[in-house]
Structures are given as C-alpha cells and as structure tokens.
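The exercises below invite you to read a structure step by step, from the whole chain down to single residues. Try each task before you turn to its solution.

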Amino acid sequence: MQLVSKRINDKGFIDLLHKALKAGYMFQGQYHSPELGTPQGSIVSPILCNILLHGLDEFVLDLQLNFQVGKRRKTNPLWRKLTRAGLIKEVHDRNIGSRLHTDPNYKRIKYVRYADDFLIGVIGSKDDCVKIRDKIHQFLFDELKLNLNLDKTKITHARDDKAHFLGTDISITPLEKRPLRFITRGTSQFRMKANTKPLLQAPIKKLVSKLTEKGFARQGGTPTRLARMIPFETSQIVKHLWQIWLGLSTYYSFADNYGSLGRIHYILKYSCVLTLASKLKLKTAKRVFAKFGKDILIKGKDDKIIASFPDVPLAKPRTFHITKFTDMNPMARLEKLAKSTFRSKAALDSTCTVCGTAENIEMHHVRKLRDSTRAIKMDYMTSMMSRMNRKQIPICRTCHIKYHRGEILILNKQESI
C-alpha cells in the first residue's frame with residue numbers, strides 16, 4: 001500500500017485496493033484469509049507483484065553497477081604460448097580457451113525477472129554468487145518483507161549444470177563440446193573452435209514426467225490411453241491432444257534441442273491413438289491407423305477434416321513464434337489442459353437464447369451439478385457423463401445476470417427460458 005501510494009494520490013482507489021487485499025477469498029465453499037497475500041490467479045496479482053518487486057529491480061541494478069569491473073578478460077597465457085608456437089591442434093585437443101575464465105579483474109552481472117521468478121548470471125567466483133544471494137535475501141526481508149526461498153535459489157556453474165527458468169534449462173556450452181570449424185582466409189585454411197554460447201533447452205525429462213503424472217504415459221514414458229477422455233467425441237479427443245502438442249512446440253520454438261521434442265510428440269500422438277482404440281473398441285493402435293490414416297484424420301459432414309494429429313518436422317524453426325501459447329509456462333499449461341472439458345465449447349459459438357446477441361455468451365446450467373449427482377453414488381465415468389449431459393443453454397452475460405435476479409421468469413417445468 002505504501003508503494004502504490006507513492007505514485008497514486010487517489011483516496012478512493014487506495015481504499016478500494018486496501019479492502020481487496022483484506023477481503024480474502026472463497027475456494028470450494030471455504031473462506032481463506034489473505035495472510036499470504038492476494039490469491040493466485042487474482043486479476044490484480046501480476047501488477048501488484050511488479051509494483052512490489054520494482055524495488056528489487058532497482059536494488060540489483062545498483063548492485064550491478066558496484067560489482068562490475070574490467071573491460072575484457074585477460075588472455076590465457078597457455079593459449080598464447082601454444083598458438084605462438086603454432087600448436088593449434090594441441091589447443092583444440094586440450095580445449096584451451098583463449099581467455100582466462102578465472103580473471104579476478106573482470107566481473108559482470110546480468111539480471112532478468114518475470115513476476116516472482118528471477119535469474120542472475122554472474123561472471124565471477126562462487127563466493128561472489130553467495131554474497132549476491134545473501135544481499136538480495138537481506139534486502140527482500142528488510143525492505144519488502146519477503147522471504148527468499150533458499151531451497152529454490154540455486155547456485156550452479158553454467159558449464160557443469162543447468163539453471164531452470166520459465167520452463168527452460170539454461171546452461172553454457174562446455175569447452176569440450178564446442179563445434180570444430182574450418183575457415184579459409186585467402187589461400188590458407190585454418191581449423192578453429194566456435195566460442196561458447198548460452199544454451200536454451202526444453203527440459204524433456206521433466207515434460208515426460210509431467211505427462212506421466214497426468215496420465216498420458218506410464219512410468220518410463222510409454223504412451224497409454226487417457227481414460228478421462230474416452231467419453232468425449234473423437235474429434236474433441238484429437239483436437240485436445242493436438243492442442244497440447246501445439247502449445248508445447250510453439251513455446252519451445254527457440255529451444256536448441258527442439259528436435260528432442262519428438263519424444264513428446266510420440267507420447268501425445270500414441271496416447272491419442274490408444275484413447276481412440278479404447279473408445280471405438282478397436283483394441284490396437286494398428287486398427288486406429290487403418291481407420292483414420294497415419295495423420296489421424298477425423299472427418300465431419302461432407303468429408304471435411306475437422307481434426308487431425310499429423311507427423312511434424314522437427315528441425316528447429318528459424319524464427320521464434322510469439323502467439324497465445326507463448327505467454328504461459330508449459331508446466332502450468334499442462335496442468336490446465338489436463339482438466340479440460342468440452343461440453344459447452346460448441347454452444348458458446350451460439351447466440352443468446354433470450355435476446356439473440358452473439359456477444360459475451362455464457363452457459364446457464366438448468367440443473368445444478370450437485371443435483372445431478374446427488375441421487376446415486378456414481379463411479380468416475382458415470383459422473384463424467386452426468387456432468388457432460390446435464391441440460392444447459394447459451395445466454396449472454398446481461399440476460400444471465402437478469403435471470404439470477406429473477407427478472408427473467410421460468411416458463412415451464414422443464415426450466416427453459
């Protein structure tokens with residue numbers, strides 16, 4: 001509140017924000033106090049987070065100015081000695097760098113933050129990293145009343161290990177893995193190794209583990225049927241799993257190991273095929289491919305293709321795609337899509353039953369969910385079918401509000417408006 005008040009001088013707005021922070025929230029019928037801050041998913045959480053952590057940005061930038069020294073690293077004396085003697089092959093074979101990586105007179109800090117996750121790259125010693133971490137920990141505790149999670153605050157050597165940031169494994173090319181190249185200068189040809197560079201990689205093992213956790217695969221990453229999808233239409237099953245692949249492949253279009261995502265494509269495609277086999281009682285994946293083809297083409301009226309799961313090229317895209325799929329952490333996206341249902345999707349494209357508008361369409365469930373499952377104790381599949389088949393009608397938001405206010409009356413016992 002103090003930080004917001006420094007920039008906004010509007011008592012009405014400040015009071016409203018204060019009430020919102022003190023109100024708490026309801027989840028599954030239970031009240032939760034706001035002691036731990038705004039609830040996750042709140043519409044104001046991202047901007048409040050940035051307002052609060054702007055102080056951290058300024059602190060690290062000041063730290064950066066005081067930490068950085070030197071203009072360039074010193075030349076590695078061993079590299080200089082061997083190259084002057086013409087022993088280039090030995091330099092390459094022994095992976096000797098041209099610069100002295102332990103130069104104490106050259107230090108740098110690079111900082112990037114996204115919401116409450118931040119990454120700091122340090123050219124310096126491990127002691128420097130520990131001191132920087134401790135200073136940030138103390139600043140957050142003293143100035144912003146926040147606790148740095150030391151269990152998740154990892155200090156690692158970029159060549160020996162990886163840092164995980166925004167769903168991506170980040171490291172530096174090890175010296176021994178630098179590609180060897182031949183260059184021609186005039187009439188002479190030289191052998192040289194490329195410089196090291198940051199590697200941005202999709203965490204394939206973590207993605208496979210998440211797919212296993214959500215039921216797309218067995219332990220070890222072997223694809224299996226997705227039982228919760230069996231009640232849905234074939235086109236919905238194929239579209240859903242294709243959408244998951246599309247989201248992951250688009251998010252990781254920058255990844256240096258983009259080709260390794262073929263493992264994820266295989267799991268999702270064969271999970272789709274095995275789910276269709278169970279739904280249509282085809283028993284085997286071979287019969288599914290025989291029925292729908294290798295690209296799993298689902299056709300609707302007039303033989304129009306309404307869903308498919310084709311094979312895809314796994315060469316790294318030349319451009320980074322920025323779409324609606326790149327604004328969400330892939331692990332969070334998997335969590336969200338694993339719970340998707342499709343009962344209302346087609347109806348949402350309809351017009352309002354009352355006034356005919358096509359704007360802000362919502363679904364009104366004529367029969368409450370708790371009423372539809374109250375009569376008998378159901379297993380998972382029966383319960384899912386009950387949820388999918390309960391009566392619902394499209395209605396615009398304005399008419400929906402009027403209905404619940406009692407301004408639009410129920411005309412008959414079937415509760416149609």
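Helices, of at least four residues, and strands, of at least two, are runs assigned by DSSP and numbered from the N terminus. The model shown here is predicted.

**Exercise 1. Describe the protein as a whole.**

Begin with the secondary structure, which comes to 14 helices and 13 strands. Turn next to burial, where a residue counts as buried when its relative accessible area is under 20%; by this cut-off, 33% of the 417 residues in the protein are buried. The accessible surface comes to about 27500 Å², and carbon and sulfur atoms hold 53% of it. Finally, consider the contacts between residues at least 6 apart in sequence, of which 62% join residues at least 24 apart.

**Exercise 2. Work out how helix α8 and helix α9 lie against each other, and which kinds of residue form their contact.**

First locate the two elements: α8 covers residues 234–251 and α9 covers residues 262–279, and their axes, which come within 10 Å, cross at roughly 170 degrees. Because an angle over 145 degrees counts as roughly antiparallel, α8 is roughly antiparallel to α9. Then list the residues that meet: from α8 they include Ile-237, Leu-241 and Trp-245, while from α9 they include Leu-268, Cys-272 and Leu-276. Sorted by kind, the residues of this contact of α8 with α9 divide into ten nonpolar, four polar and one charged.

**Exercise 3. Reconstruct the open sheet that contains β6, strand by strand.**

Start from the order, which is β5-β6-β9 in an open sheet of three strands with antiparallel pairing. The edge strands, each pairing on one side only, are β5 (163–165) and β9 (198–201), and from one strand to the next the twist averages 30 degrees.

Now take the β5 side, where three bridges join β5 to the antiparallel β6, and where Ala-163 has Ile-170 in β6 as its bridge partner. These two strands form a hairpin with two residues between them, and in the turn Leu-166 has a positive phi of about 50 degrees.

On the other pairing, four bridges join β6 (residues 168–172) to β9, again running antiparallel. Here Asp-169 stands opposite Gln-201 in β9, and Ser-171 has Leu-199 in β9 as its bridge partner.

**Exercise 4. Decide how far β6 is enclosed, and which face of β9 is covered.**

For β6, count the buried residues: four of the five are buried, so β6 is largely enclosed by the rest of the structure. For β9, separate the two faces, of which the covered one holds Leu-199 and Gln-201, whereas the uncovered one holds Pro-198 and Leu-200.

**Exercise 5. Place Asp-15 in the model: is this residue buried, partly exposed or exposed?**

Asp-15 belongs to helix α2, which covers residues 11–22. Its relative accessible area is 32%, and since partly exposed residues lie between the limits of 20% and 50%, Asp-15 is partly exposed. As a last step, look back along the chain to Met-1, which is 14 residues away from Asp-15, and note that the C-alpha atoms of these two residues are separated by 9.6 Å.

Conventions: Residues numbered from 1 in each chain as written. Predicted model: local features only at pLDDT ≥ 70, side-chain atom pairs only at ≥ 80, totals over all residues. Heavy atoms only, no water. Buried < 20%, exposed > 50% of the residue type's maximum accessible area, 1.4 Å probe, protein only. Contact = heavy atoms within 4.5 Å. Areas by Shrake-Rupley, 256 points an atom, 1.4 Å probe, with all protein chains shown as cover. Axes fitted to C-alpha atoms, helices over the stretch in contact; angles between N-to-C directions. Parallel < 35°, antiparallel > 145°, perpendicular 65-115°, else oblique. Nonpolar A, V, L, I, M, F, W, Y, C, P; charged D, E, K, R; others polar. Pairing = 2+ DSSP bridges.
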